[in-house]
Every structure is written in structure tokens, then in C-alpha cells.
Amino acid sequence: MPDLHIDAARLQSELDHLATFTHAEPSPLGTAVTRVVFTPDDLAARAWLKRLATEAGLSIREDAIGNTFFRLEGTDPALAPVATGSHIDAIPHAGMYDGTVGVLGGLAALRAIAASGHRPRRSIETILLTSEEPTRFGIGCLGSRVLSGVLPPEQADALLDASDLPLHQVRTAAGFHGPLETVRIAPHHYYSFLELHIEQGALLERHAEQIGIVTSIAAPAGYRFVIEGFGGHAGALLMPDRHDALCAAAELVLSIERHALATGSIDTVATVGTCDVHPGAVNSVPSRVALQLDIRDTDPARRESVMHGIRADIASLQDRRRVEITESLVNADEPATCAPDIVSLLTDICSEHAIPARKMVSRAYHDTLFMARIAPVAMIFIPCRAGVSHKPDEFATTADIARGTLVLAEALARLAA
Ligand code: GLV
Ligand code: MN
Ligand code: MN
């Protein structure tokens, strides 16, 4: 195998530059980034990344949902390519490393392989996957869901953002035309898929380990609840006559927490992260509330049992508080298992370089969850300070980023050899 060198300073400065494509309020905690899919910041960041890839001599393909494929051609282009990738979108007021490390690290890995002078047999692609974050269209991993065939094109195109604009219109305005049917990639098209990502947890840091080798990804699900009550004037509507939708929502949120805790498993997590109150005035009794629930577990059956418990509470809550609660499913995904042979390849690479590594479960979801439907997959985690993520104080050291990128580059080179 050729010796691969990652230019750590260049990679860090590219990450710093990518973080400037944002309009987030500056934060005293660190570099705040908000980059929502198909906004001017996202499109400008994509244009800059395409320039980087062109300078590196990579070919570029974009699909109708904006997934962007940067390709280093192998000596045998007929063979199934090896791929890596991640996302560049960032939730509101997030940090600068989530996803971006996997995209810029992927480009740096391709540059390192190209610079080694050894052309790989298989082509290698770094993929920028569209909208891993659910911020705009309410569902995560939009690009990889459609690419892997998990989300049907017509359902994807009909997704609405907060301004009721359908994805079809938004992506077309952003320059991504054509039917979404063309986005899907057949199983076995890729020989393998790897994703480099910050851990978003504190296990590596706590155990002074430098690389996490992911063995499986927990199963996420999303639900929306709408609670319809009866509101009115905050002074005139007497307490016995109210059917306050927000009071009912508060009970529902606590019921969700109770049922998640009651599984007794550390692997069950449930979060209500948004709450829209109508009409949202201090002197008006809430008449309608919309909540979004994010619930995950390594065991999807246990996740479903939590939902059963919540639904039983909803039935009594509706009677008691005289409100109507409707539930709608956004997504209920299966967990993914990483390919044992890629996990052992990563283990070998770490031990050859004397890098302390640990096998671990990914509790966050990633595009790899969906790439696993069409290819053997694995993930490489690097430590992030105190496990902080989705916040401006998200931080990873240049050395850890470069080390993760080197492991990625070696794995890609060996898989493509
Ligand atoms: C990804 O951002 C997740 O929420 O796990
Ligand atoms: Mn994220
Ligand atoms: Mn991410």
C-alpha cells in the first residue's frame, strides 16, 4: 500500500472556510453555524466545494436532489466504486464539524490517494449527501433516503417546508432539476460505503481513545402530534371552561419521558424538540399545539413498545382534558449493522498505526443508516470535546480530524486496491 499523507493544516483551514457559509448569530461558545438545505449559504458552500474538487482533478456529478459525487477514477472503472461521504447542512445554531469532517475529510482522502501516485483499481467517490438534518423538510437523511430507495420519489417531492413550499419547487429553484426517480442507486452499485464523523458523544474522550469503529447505528423514528383544544381570552375564559392544548401537550411530553425511562435501557432515548403553540400570544389560551417527537433505540421493537405506552396515555389524556390528539408518522427506520469485514479492516489499520480504537454503537443517525440498504458500510468516529454536538461549542482537534482522515484514506485505498 502507498504511504498516504493528510495535509492537516489545509484540512483545518478548509473546515474553517466552510464554517463561513452561514448566517448564524455569533456565539461566545464557539463557531456557530446554521446551514439549511437549499438556502443561499448551502448553495454557496456547494459551489466552493465543487471548485475544490475540480482543483483536485475529481469529476463531479450532481443528482436531482443535490447529492453531489466527487470521483477519483480507478484503473478499472467497470468495477463497483468504493464511496465515502457525509453532509454539509447544519441545524440552527450548530457547530462546524458535524458532517463537514466527513465531506472535507473525504475530499482530503481522495487528494492523498491521488498524490500517492498509486491509481486505485476501483474508482473512489466522496459524496455530499443532501439534507442529513431534518431542519427544513422535517425528515433526516433526505438525499440518502431517496438514493437508497427508502423514500419514494413522489413522497419526497411532496414534502413541505415551514413555508409550505414542496421539495420539488425548492430543489428546482436551487438548480436541481429532473425527476427524483433518477436519484436511486441500485444495490451493489457501490462496493462499500464509509463515513467519517465526529462521535457526538464522550466515550472516546473519556477512554482516551482516538478512533471509534462503529458496529451498528441505532434505529430512529419521528412522529408529529397535533393537540386541538379550545382556547380564548386569557382573562375572560374561566379555568373550568378551558381545554388548554398546551397543558395537554405538557402532559404528553412528560408521558413520553416516563415511557422512555421505563424501558430501563440506556439505549432508549426520546426527545420532544419542537413545540408550536397557536395562536402563540401571552394573553390567549392555547387552542392548538404541534409537537415533534424524535425517538430512537437500538431495538426497534422496544421503541415501538414505548409508542404503545404513549398511545395508551393519549387515550386517557384526550378524555380527561377534552382535547383531540392526532399522531402522524414521519419515519420509523430500522437499525443498520456495519459490515464485519470493513470493521476488521478498520481495526487492522488502527492497530498498524498504534491508534487506540474502540468498537461502538452510533446513537446518532447518519446517512450511513440508509447507504447500508444498498452497500456494505462502516463508520469511523473521531473524538469531539466533551461529546458536545449540535451546538456552537462542538469541537474536534486538527490532529484528531487528520488521524480520522488518514484511517479513512487507508481504508478507501485498500478497499479500492
Ligand atoms: C443527526 O443529526 C441526528 O440527529 O442523529
Ligand atoms: Mn447533526
Ligand atoms: Mn452528522
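**Burial, helix faces and a metal site**

Trainee: Why is histidine 390 called partly exposed?

Mentor: Its relative accessible area is 34%. Buried needs under 20%, exposed needs over 50%. Histidine 390 falls in between, so partly exposed is the term. Keep in mind that this is a predicted model.

Trainee: And aspartate 98, buried or exposed?

Mentor: Buried. The relative accessible area of aspartate 98 is 8%, and the cut-off is under 20%.

Trainee: What makes Asp98, Glu133 and His390 the donors of the manganese ion (ligand 2)?

Mentor: Distance. Asp98 (OD), Glu133 (OE) and His390 (NE2) coordinate the ion at 2.0 to 2.1 Å. A donor atom must lie within 2.8 Å of the metal, so these atoms qualify. Water is not among the atoms, so the site may look incomplete. In sequence the donor residues follow the spacing D-x34-E-x256-H.

Trainee: What does aspartate 98 bridge?

Mentor: Two manganese ions, ligand 2 and ligand 3. They lie 3.7 Å apart.

Trainee: Why does the pair of aspartate 98 and histidine 390 tie together parts apart in sequence?

Mentor: Look at the loops. Aspartate 98 is in the one between strand S5 (90-94) and H3. Histidine 390 is in the one between strand S17 (377-382) and H12. The pair therefore joins parts that are 292 residues apart in sequence.

Trainee: Now helix H9. How do you know how its reach compares with the span expected at 1.5 Å a residue?

Mentor: H9 covers residues 300-321, which is 22 residues. The span from first to last C-alpha is 31 Å. The expected value is 32 Å, and the two are close.

Trainee: How do you know where the buried residues of H9 fall, seen down its axis?

Mentor: Arg303, Val306, Met307, Gly309, Ile310, Ile314 and Leu317 are buried. Down the axis they fall within an arc of 160 degrees, so they line one face. Ala301, His308 and Asp319 are exposed on the other side.

Trainee: What covers the buried residues of H9?

Mentor: Strand S9 (219-228), helix H8 (245-262), strand S13 (288-297) and strand S14 (324-332) are among the elements.

Trainee: What makes the approach of aspartate 299 to alanine 301 a polar contact?

Mentor: A side-chain oxygen of aspartate 299 comes within 2.9 Å of the backbone nitrogen of alanine 301, at the start of H9. The cut-off is 3.5 Å, so the pair counts.

Trainee: Where do the buried residues of H1 fall, seen down its axis?

Mentor: In H1 (residues 8-18), Leu11, Gln12, Glu14, Leu15 and Leu18 are buried. They fall within an arc of 160 degrees, so they line one face of H1. Their cover includes helix H2 (40-55) and helix H12 (398-416).

Conventions
Residues are numbered from 1 along each chain as its sequence is written. Chains are lettered from A and ligands numbered from 1 in the order in which they are written. This is a predicted model: local features need pLDDT of at least 70, side-chain atom pairs count only at pLDDT 80 or more; totals for chains, interfaces and linings use all residues. Side-chain values use heavy atoms; hydrogens and water are left out. Helices (H or I, at least four residues) and strands (E, at least two) are DSSP runs, numbered from the N terminus. The expected span of a helix is 1.5 Å times one less than its number of residues. Buried means under 20% relative accessible area, exposed over 50%, partly exposed in between (1.4 Å probe, protein chains only). The arc is that of the directions from the helix axis to the C-beta atoms. Contact means heavy atoms within 4.5 Å. A polar contact is a pair of N or O atoms within 3.5 Å; within protein, one must be able to donate a hydrogen and the other to accept it, and residues adjacent in sequence count only if both atoms are side-chain atoms. Donors are N, O and S atoms within 2.8 Å of the metal (3.2 Å for Na, K and Ca); water is not among the atoms, so sites may look incomplete.
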